[in-house]
Amino acid sequence: SVSSIVPESCLLIVVGLLVGGLIKGVGEKPPILKSDIFFLFLLPPIILDAGYFLPLRPFTENLGTILIFAVVGTLWNAFFLGGLMYAVCQLGGPGLNHIGLLANLLFGSIISAVDPVAVLAVFEEIHINELLHILVFGESLLNDAVTVVLYHLFEEFASFEQVTILDIILGFLSFFVVSLGGVLVGVIYGVIAAFTSRFTSHIRVIEPLFVFLYSYMAYLSAELFHLSGIMALIAAGVVMRPYVEANISHKSHTTIKYFLKMWSSVSETLIFIFLGVSTVAGHHYWNWTFVISTLFFCLIARVLGVLVLTWFINKFRIVKLTPKDQFIIAYGGLRGAIAFSLGYLLDYKHFGMRDMFLTAIITVIFFTVFVQGMTIRPLVDLLAVKKKQETKRSINEEIHTQFLDHLLTGIEDICGHYGHHHWKDKLNRFNKKYVKKCLIAGERSKEPQLIAFYHKMEMKQAIELVESGGIGKIPSAVSTVSIQNINPQTLPLERVLPALSKDKEEEIRKILRTNLQKTRQRLRSYNRHTLVADPYEEAWNQMLLRRQKARQLEQKMNNYLTVPAHKVDSPTMSRARIGSDPLAYEPKGDSENLPIITIDPASPQSPESVDLMSEEPKGCSGLPPSPEEDEEGLVMRVKEPSSPGTDDVFTPGNGDSPSNQRMLRCLSDPGPRPEPEEGEPFIPKGQ
């Protein structure tokens, strides 16, 4: 019940305090957490566990945000805190006046970095959502390079008589050397580990050993040259994992997984217990002004840094960081044993105030771990921050995620924009074409594992049937259907499907995930700047415009007709009436000057297909028509079918001259007429 309220890290520190007090009470000297033991034996298992099982997709998608928080945020914290503490020391009285600017900057660089051990211990218990977890944890992993550079830089500057501009420029360049050098060392050892695992099929027992051995060698090699050992371990774990898991057996994979988890848990436990013991055993110098100022400025620097950087980052992010997310990121900046060990490494010769620094560091660690670590869970519940989903994603979700990745890659190619999807696709293609063939043994380096796995299960089932005596002889092409057809009596009436073990189910899921969704290989890459223009595109556009103008003209002409409003018949009814009384629609001899409407009786179109071929009545002078003309009405003529291959819109006819197409409304509207009787024809027949 206590561990549900208090994080395990707090309880372990309390245990360490009790053990240290007990040892001191019996007159013995308690052991102190020495920096060599911490950095060489206790820290690597925790970082390797984090790097080997790093969730790669959210990490790479948020890499820019993580790097800004880790690099810019840590530099801001270090210089802001160091500068303010220097001001406090100058104003704080005789006990602090002797502490110079370099010593304060060194102290700021030690205390500014977020600790991965403390973040892991607290954040894994509150089950925060994946985005916030990877942002804070990724920052704690990658800020190691900044901390290492600043620590060694200010430590070296403290021994100089004078610091020149060249020294500052070289210190700035050393950041890139330390960070990129650590990554390079990790990648080299990761490739060597993957290549070694290709030849371990006959010695499965020692397969897990190579993972631990090469990872530890990467860490030691980086630390040997003052590079970032944490970044080397992360790079080695990320690079070797996909190839090693394809080569080693499933039992070896399980061994690696649980041994790493156990090893990191033991290291974490020892770190926090030793932190409590060292608090009791160490030498302390308490200065209220320095300690309280350190704690206050740490919190202020963290909050300001997160707010300013998030305001800048949100300008470029699609998924914005909300105020709740910013609060959790700022509140989750926990300090831990790395800061304590770096403070313990300080030399009394150059830093006589080391005991006061250690006291302030321990105070900040205890405040962040106890106060912030204990209150972050209720605050997450109070703010209703999204929690992590415990359920596994289904095969359907994973395949659709891959499909969307490939779709976005194609969209980026068409737009000519090379985003992270494009480079991810290039890297995957290079990996499949070259790297996998070198680092993965046998058939596993080739993609179609699904069919091979099916044949493997099929043969296994056939062998089991033979061993059980169900079938005397099995044909060469074994399949479940053929087996049932050969000897159906041996099978039970109700077959009980065997339950798949979790290992087998995980193997099937992995094969389905990597094989069910395949993409078309592009023959050539193109973008919008190199597309060839279609020579017919302009002609088609002109044709569509002409069609549109013709239809608009036709609708206007239909609106200008002075035919009385009749009930519109369906095309079928119109054809029936024309067929029943064709004489009613015959043109009269003296109807040359009457308006003529041409219809196509074979066309089942709407009345819009009626074309006005000619509307030139006798009285074109603008005078009202005579009563005789009004009574005679309009004469309907059957439209002659057009020859094949002609376009009724674009083929010019007799009445298509500009003068004929100009609509002159010469007939006044005679008003509505009475509805025709049933026996009357559709249009009155002229006498």
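This report walks through the salt bridges, cavities, nonpolar cores and two unusual backbone angles of the structure above, which is a predicted model.

**Salt bridges**

Let's start with the charged side chains. Side chains of opposite charge can pair when their charged atoms come close. In this model the count of such salt bridges comes to ten. Here are three of them, with the gap between the closest N and O atoms.

| Salt bridge | Closest N and O atoms |
|---|---|
| Arg57 with Asp405 | 2.8 Å |
| Glu139 with Arg302 | 2.8 Å |
| Glu245 with Arg241 | 3.0 Å |

Take Arg57 and Asp405, whose closest N and O atoms are 2.8 Å apart. This pair ties together distant parts of the chain: Arg57 sits in helix H3 (residues 56–61) and Asp405 in helix H16 (residues 395–415), 348 residues apart. Are the two partners buried or exposed? Arg57 has 31% relative accessibility, so it counts as partly exposed. Asp405 has 13%, which falls under the 20% cut-off, so Asp405 counts as buried. There's a bit of teamwork here too: Arg57, Glu61, Asp405 and Lys424 are linked in a network of salt bridges.

Glu139 and Arg302 make another bridge, again with 2.8 Å between the closest N and O atoms. Here too, distant parts of the chain are linked, with Glu139 in helix H7 (residues 130–159) and Arg302 in helix H12 (residues 288–313), 163 residues apart. Both Glu139 and Arg302 are buried.

Glu245 and Arg241 stay within one helix, H10 (residues 229–247), where they are four residues apart, or about one turn of the helix. Glu245 counts as buried because its relative accessibility is 17%, while Arg241, at 27%, counts as partly exposed.

**Cavities**

Now for the empty spaces. The model has five cavities of 30 Å³ or more, and the largest has a volume of about 90 Å³. Which residues come closest to the centre of that largest cavity? Of the 14 that line it, they are Ala113, Val114, Asp115, Thr147 and Ile338. Two elements, H7 and helix H14 (337–344), give two or more residues to the lining. H7 provides the largest share, four residues. By type, the lining of the largest cavity divides into seven nonpolar residues, four polar and three charged.

**Nonpolar cores**

In soluble globular proteins, nonpolar side chains tend to be buried together. In this model, the largest nonpolar core has 123 residues, and Phe38, Leu43 and Phe290 have the most contacts inside it. H7 turns up again, giving the largest share of this core with 16 residues. What does Phe38 touch, leaving aside its neighbours within four places in sequence? Phe38 is in contact with Leu33, Leu43, Pro44, Ile271, Ala337, Ile338 and Ser341. Apart from the largest core lies another one, of five residues, including Ala194, Tyr243, Leu439 and Ile440.

**Two backbone angles**

Finally, a couple of loop residues to look up. His127 has a phi near 55°, a positive value in a residue other than glycine. His127 lies in the loop between helix H6 (116–126) and H7, and at 35% relative accessibility it counts as partly exposed. Ala384 also has a positive phi, near 55°, and is likewise a residue other than glycine. Ala384 belongs to the loop between helix H15 (354–383) and H16. With 59% relative accessibility, Ala384 is over the 50% cut-off and so counts as exposed.

Conventions. Residues are numbered from 1 along each chain as its sequence is written. This is a predicted model: local features need pLDDT of at least 70, side-chain atom pairs count only at pLDDT 80 or more; totals for chains, interfaces and linings use all residues. Side-chain values use heavy atoms; hydrogens and water are left out. A salt bridge is a side-chain nitrogen of Lys or Arg within 4 Å of a carboxyl oxygen of Asp or Glu. Buried means under 20% relative accessible area, exposed over 50%, partly exposed in between (1.4 Å probe, protein chains only). On a 1 Å grid over the protein atoms alone, a cavity is a set of points where a 1.4 Å probe fits but cannot get out, and a pocket is an open set with protein on both sides within 12 Å along at least five of seven lines; lining residues have an atom within 4 Å of a point. Grid points are joined across faces, edges and corners, and a volume is the space filled by probe spheres set on the points. Ala, Val, Leu, Ile, Met, Phe, Trp, Tyr, Cys and Pro count as nonpolar, Asp, Glu, Lys and Arg as charged, and the others, Gly among them, as polar. A nonpolar core is a set of buried Ala, Val, Leu, Ile, Met, Phe, Trp, Tyr and Cys residues joined through side-chain atoms within 4.5 Å. Contact means heavy atoms within 4.5 Å.
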